[in-house]
Amino acid sequence: MSGRGTKIVRLAAAGAAAGVLMAGIAVPAVGGAGFGLVAAAGEVDLAPADLVEPPPAEVTIVRDAKGNVIARFYEEYREIVGLDDIAEVMKTAIVAIEDYRFYEHGAIDIEGTLRALATNLQAGRVSQGGSSITQQYVKQVLLNSAGTEQERNAALEASYARKLNELRYAMGVEKKYTKDQILEKYLNIAYFGAGAYGVEAAARRFFGVQAADLTLPQAAALAGAVQDPNATDPNLGRKHRERLRNRRDVVLDRMAELGKITPAEAAKAKATKLGYRGTELPGGCESSKYPYFCLYVRQEILHNPDFGKTAKARLAALNRGGLTITTTIDPAMQAAADRAVRSHVHASDGPVAAEALVQPGTGAIKAMAASKPYGRRAARDEISYNVVADAAHGGGIGFQAGSTFKTFTLISALKQGMKVDDGLTAGAGYRAPGYATFTNCAGENVGDPTHTVTNDEGSPGWKTLRTGTWGSVNTFFMELERRVGLCETVETARSLGIRRADGRKLQEYETFTLGINEMDPVTVANAYAAIGARGTYCRPMAITRITDRDGRSTTYRPACRQALDLAIADATADVLSGVFTKGTMRSVGGIGRDAAGKTGTTDDYATAWFAGFTPDLAGAVSIGDPRGSQQHKLVGVTIGGRYYGAVAGASLPGPIWRDTMMAALEDVPPSSFTPIDAVRFGGCDRFCRRQ
């Protein structure tokens, strides 16, 4: 026997040792590069090697509090399914066209391997398959494991060294798994084209069905697609779909040739149209029913070290980890917020309304709604950032919160021993008595005696904590803040989670109480939720549980602390409840249960707010123009088909909040506020608690 023949026999013998059937193998004549390959192959030890198999990238699913899917995140759209969840005809088709002796040979199909190696080496690239399904699975694992372009190129290079490594790994895989297990893994890792990874995603993408329900022509098309998924990608146009149909027919002919189907069945299947549906692969926040909440969850994962030590690890976990993320969003409450916002403000309006609902005592975000849909293109009626949240959660700079900040001055006064009927005389205008009238938390003197604050609402005169709050009298709160302390007011706000939407330091000037800082609805709603929870502040919470691909779950619980004395929170709720009956919201009315809140209107009607709460739910509504609230004020505007001479807190945000809360709490039994401690704080209109 010649030397060349001896080398081939050596390779064949090595394959046989791994379970390769040698009967009937006809080795093609190879020369040049092919001969070098065979010679080298005969001089290596083809011992099984253990393949490191990191799990393939899998879709992360986000669910609402009721278990409904609301979003998907992925780098590769893939849904892992078991072999029992794949149609038998699909298994038959893929084996017929890719490796018809799969269940008969071992890890290496010598005939196919040598033919492919010779062709590829002569071409200088991978131009022909010929690998067994096991070898193809190995290559896909190596490709998926490649972290760099260099590693990807190494996994694809046309060299005998790479091929022999694949053979070693394939032998190890065959030793480790059954044939059915290997086929299942291959069908879940293979790329079929059109962005679909794995047979389940491909079945949905191509034909709008589950892998278990694939028909003969559909299965044949998918089996044909794996050879060159880019060339037969049906999403790329008519020529690509024609190539895919031709490949489908090749598969059908092969199945008939092997006796897996009859010629008549093949002919009938070939007579059908391709039937590509191009079903959109769900994923990302743009396609979510709740895009703003989806953005919040995504940023929470990407920036919270609880979900990974590095930014890269967190992104990989989100886009590749196959996680199931259970969230706090309540579909009924979300629907209530969506309806209320969109019934008052149209997407085509210049200004945008945004609302967040938060549960007191947990910080759970129950809804995030906006009048404009989210869209990355930022078309005229869309907005490209999270207008409901802060910059850390995909938001922008926010809007000035206006008089909603007066509540923090009210709380500071109650902390310092003032009773609800204690008061002071408020003038028609207010000027700081001197430059050193107010002191910020850095110990710096602030206060501009050249600037006069006037009243947009309310009248001057003697005002108590109650009446000054109900009338939202600017000059009253300026003097009240001077007496209780600017820094003390700032610290009260901070204790309730107040942070600027843009992430910068709070502006600590004498007009702090008038809401000069730009805020987002989630932060403001959460601060008011703490009052509704009798002073218990909880960090805003969007995620309650994460389950990994192996079924291991981690539960996330509220992160809470007592920010306010219980009695102070009760007294604050008592004062703010009068806003509905005797204050700026009296024309709007209440919601048929205990509720408290505060309107917010900024200087010259640049933005408008309402923040309010019950013991069961809190919410904040903002409205402003994203093109620039100072340049596009809410004066002489038509919003929601209605003309407004000027938009105040009770004009639009208040009614949106009212409509939202009435619908959101429809099935929630009403809870009552704890009565005010009349001995400590005075005041006892309807009810009180005496000690």
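The exercises below, each with a worked solution, concern charged side chains, backbone angles and a hairpin in a predicted model.

Because the model is predicted, local features need pLDDT of at least 70 and side-chain atom pairs count only at pLDDT 80 or more, while totals for chains, interfaces and linings use all residues. Residues are numbered from 1 along each chain as its sequence is written, and side-chain values use heavy atoms, with hydrogens and water left out.

**Exercise 1.** Describe the surroundings of R72, and state which side chain of opposite charge is nearest to R72.

*Solution.* Begin with the secondary structure, in which helices (H or I, at least four residues) and strands (E, at least two) are DSSP runs numbered from the N terminus; R72 belongs to strand β2, residues 69–73. Next comes accessibility, where buried means under 20% relative accessible area, exposed over 50%, and partly exposed in between, with a 1.4 Å probe and protein chains only. R72 is buried and has no salt bridge, the nearest side chain of opposite charge being E79 at 4.4 Å. For this assignment Lys and Arg count as positive and Asp and Glu as negative, with His and the chain ends not counted, and a salt bridge requires a side-chain nitrogen of Lys or Arg within 4 Å of a carboxyl oxygen of Asp or Glu. The side chain of R72 does make a polar contact of 3.5 Å with that of Y77; such a contact is a pair of N or O atoms within 3.5 Å, where within protein one must be able to donate a hydrogen and the other to accept it, and residues adjacent in sequence count only if both atoms are side-chain atoms. Finally, when neighbours within four places in sequence are left aside, the residues in contact with R72 (heavy atoms within 4.5 Å) include V59, I61, P282 and G284.

**Exercise 2.** Compare the settings of S472 and D604, and decide for each whether the residue is buried, partly exposed or exposed.

*Solution.* Most residues other than glycine have a negative phi. S472, although not a glycine, has a positive phi of about 50°, and D604, likewise not a glycine, has one of about 60°. S472 is placed in the loop between α17 (465–470) and α18 (474–484) and is buried, at 1% relative accessible area. D604 is placed in the loop between β20 (596–601) and β21 (608–613) and is partly exposed, at 46%.

**Exercise 3.** Work out how strands β23 and β24 are arranged.

*Solution.* Two strands pair if DSSP finds at least two bridges between them; β23 (residues 635–639) and β24 (residues 642–646) pair in the antiparallel sense over four bridges. The bridge partner of I639 is R642 in β24. The two strands form a hairpin with two residues between them, and G640 in the turn has a positive phi of about 65°.

**Exercise 4.** Characterise the salt bridges E88–K91 and D565–R680.

*Solution.* By the rule of Exercise 1, the count comes to 27 salt bridges. In one of them, the side chains of E88 and K91 meet at 2.8 Å, N to O; both residues lie in helix α3 (residues 88–98), three residues apart, about one turn of the helix. E88 is exposed at 55%, whereas K91 counts as buried at 10%. The side chains of D565 and R680 meet at 3.1 Å, N to O. This pair links distant parts of the chain, 115 residues apart, with D565 in the loop between β19 (560–562) and α21 (566–581) and R680 in helix α23 (residues 678–681). D565 is partly exposed at 36%, and R680 is partly exposed at 35%.
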